Amino acid sequence: MKKHYWITILIILVVIGSLGCSQMISQQGLNAETTGSSDNEDDNSDEYEQEIIVGFSQLGAESDWRSANTISMKEAFEADPRYKLIFEDGQQKQSNQITAIRKFIQQEVDYIVLAPVTEEGWDTVLEEAKEAGIPVILVDRMISVEDDSLYNCYVGSDFELEGKKLTAWLNEFAIAKKIEAEDIHIVNIQGSIGSSAQLGRTKALRQAARKNGWDLLDEVCGDFTETKAREVMAGLLKKYDNINVVYCENDNEAFGAITAIEEAGKKVGSNIERGEIMVLAFDGVSEDAVKYVEEGKIACIAECNPLHGPRVHSLITTLNVGGSPQKISYVNEGVFTAIPVVKSILVDDVSYEISIIE
Ligand code: AHR
């Protein structure tokens, strides 16, 4: 009896001791969580090392612009030890991007960054992200959704403004060279249909053609790639014998169009009154694009800036400390040419300088 008595006392003491100890541990945990800080420097360094997981759904790798954009995104997040970037390449398919977003939701990432291939068709998957409580940041291109609370913020280009700048330059060029509006015969090699880059740039050209009285002969999709643009330009040259301006919706399409024009035995250049075909482009990203401007093979480029990595990093850092960044931020972009016909252009009552490459 006596032995059983002491064993019972011992068990009670062990249970009381362990209860007290676990209460102490949970109090320390609670304090650390609620205050979010500590006097101890080591605790601070633990917090600093905590990873913020960002899932980035890139739409593909179709152009030099896209490669520069991917590098910029990866470098910005790799340079900051607080972040881990999970990269998914959508290979130009919206279905792949939707799958990537669903994977990010399953992985419980902290933020989703989406560079959308097209504007339409994002409502359902972004509702799923919202239900999971994951903030969504749009980069580069816009989306068209009923409810704009499906994304937190956007950073990218004003594509219609880019188009307005390029067409304003063409108008100034025609005036300076005394070329009649009806003598400008344009074909548009469009980007991926339904992307905001294509929609904005195509809209700007249609408006300018209508307003100025230019002859817009045709619009054909070049998918933002050199290969497709070369193929469609070859077809356009067979179909029309009076093309004198090619409006390419990115650098790579311009490279393809130039090859097709030269292969057809025609000359690329700005002397359109003497039978040359003028090439216009967007982006201005690669060394080749700059070289072509210097050589006069691309008459003018409206810049599209791909270096969004630090911008997205800064948006997420703001969101992460509870800040509310601006909903929509557009990047400032220039216009480049080697043809010194005008120093500035006027678009919607705003003056933009032209950078003359020598
Ligand atoms: O959305 C930006 C556009 O997409 C760039 O102009 C083009 O090069 C890219 O593929």
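Trainee: Among contacts between residues at least 6 apart in sequence, what percentage join residues at least 24 apart?
Mentor: The model is predicted. A contact here requires heavy atoms within 4.5 Å. Counting the contacts in the chain between residues at least 6 apart in sequence, the share that joins residues at least 24 apart is 70%.

Trainee: How many of the residues of the chain are buried, as a percentage?
Mentor: A residue counts as buried under 20% relative accessible area. The chain has 358 residues, and the buried share of them is 47%.

Trainee: Which residues of helix α10 are buried, and why do they lie on the same side of α10?
Mentor: Helix α10 spans residues 287-295. Its buried residues lie on the same side because they cover an arc of only 100° around the axis. The residues in question are Ala289, Tyr292 and Val293.

Trainee: What covers the buried residues of α10?
Mentor: The cover includes one helix, α9, at residues 251-263. It also includes strands at 300-303 and 335-337, namely β10 and β12.

Trainee: Which residue follows α10, and what is its phi?
Mentor: The residue after α10 is Gly296. The phi of Gly296 is positive, near 80°.

Trainee: How much of the accessible area of the ligand does the protein cover?
Mentor: The residues surrounding the ligand include Arg66, Asn250 and Asp283. Polar side-chain atoms approach ligand oxygen atoms at 3.0 Å from Arg66, at 2.9 Å from Asn250 and at 2.6 Å from Asp283. On its own, the ligand has 280 Å² of accessible area, and the part covered by the protein is 100%.

Definitions and conventions:
Residues numbered from 1 in each chain as written. Heavy atoms only, no water. Buried < 20%, exposed > 50% of the residue type's maximum accessible area, 1.4 Å probe, protein only. Helix = DSSP H or I, 4+ residues; strand = E, 2+ residues; numbered from the N terminus. Arc of directions from axis to C-beta. Near = heavy atom within 4 Å. Polar contact = N/O pair within 3.5 Å; in protein donor to acceptor, adjacent residues only side chain to side chain. Areas by Shrake-Rupley, 256 points an atom, 1.4 Å probe, with all protein chains shown as cover.
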